[in-house]
Amino acid sequence: MHHRDLIVRGPVNAVTTARRALPHPDSWSSTVAVGLLAFAAVQLGLAAFMAVAPHRFYIAIGPFGARNDHYVRDVATYNAALGAALLIAVRRPSWRVPVLAIMTLQFGLHSVNHLVDIAAADPSWVGYLDFFALAAATLQLAGLTWLAGATAQLPSYRHNPHGGR
């Protein structure tokens, strides 16, 4: 927006023009839905892997300390429940912010746990990879949570693209 536009069209039209330049909230909602589906697939895939092959999961992803197949399957139940909640949130927008906030908290805490034990994995590079992957996923979830919240705050925008009530 140029200074000339403010003079010619006035500040109200300048705000309307700026709003039109933003992506439409429906595309934000679609982005959130795709993110929910992607994280649901990961959570449910991990849950299945952990439940069906806890020893293989331990070797491939979780080589921290002594192996305990029961605890690996216990954690699989948490992943399955979170994955199910993510799938429900795809169809129920009112679930999106709470489910994503819980997922962000869980991934953040999980990241801290991996940071504390970063050198305890065998091989050691797995500890670093796990931590950085979890931290990146935490940031992605935080972004999706923000986007879901911003989308929920804009119901009047959908009814009037010019921003009025």
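Helices α5 (residues 93-116) and α6 (residues 124-152) are a good place to start: their axes come within 8 Å and cross at roughly 160 degrees. Axes here are lines fitted to C-alpha atoms, for helices over the stretch in contact, with angles running from 0 to 180 degrees between N-to-C directions. Helices themselves are DSSP runs (H or I, at least four residues), numbered from the N terminus. The crossing angle makes α5 roughly antiparallel to α6, a label given to angles over 145 degrees. The crossing is also left-handed, in the sense that the near helix is turned anticlockwise from the far one by less than a right angle.

A word on the model before going further. This is a predicted model, in which local features need pLDDT of at least 70 and side-chain atom pairs count only at pLDDT 80 or more, while totals for chains, interfaces and linings use all residues. Residues are numbered from 1 along each chain as its sequence is written, and side-chain values use heavy atoms, with hydrogens and water left out.

Back at the helix pair, contact means heavy atoms within 4.5 Å. On the α5 side the contributors include R96, L100, M103, F107 and H114, and on the α6 side they include D130, F131, L134 and L141. By class, this contact has 14 nonpolar, eight polar and two charged residues; Ala, Val, Leu, Ile, Met, Phe, Trp, Tyr, Cys and Pro count as nonpolar, Asp, Glu, Lys and Arg as charged, and the others, Gly among them, as polar.

Let your eye rest on H114 in helix α5. At 11% relative accessibility, H114 counts as buried, that is, under 20% relative accessible area with a 1.4 Å probe and protein chains only, where over 50% is exposed and in between is partly exposed. Beyond its neighbours within four places in sequence, H114 is in contact with F64, D130, F131 and L134.

Now for the interior. The largest nonpolar core has 21 residues, and V32, L36, F39, L86, L100, M103 and F107 have the most contacts inside it. Such a core is a set of buried Ala, Val, Leu, Ile, Met, Phe, Trp, Tyr and Cys residues joined through side-chain atoms within 4.5 Å. Helices α2 (25-52), α4 (69-91), α5 and α6 each supply at least two residues, and α6 gives the most, with seven. Not counting residues up to four places away in sequence, L36 touches L86, A89, V90, R96 and L100. A second, separate core of five residues includes A47, M50, V72 and A76.

Finally, A51 lies in helix α2 and is partly exposed at 40% relative accessibility. Its C-alpha atom is separated by 7.3 Å from that of V72, 21 residues apart along the chain.

Notes:
Parallel < 35°, antiparallel > 145°, perpendicular 65-115°, else oblique.
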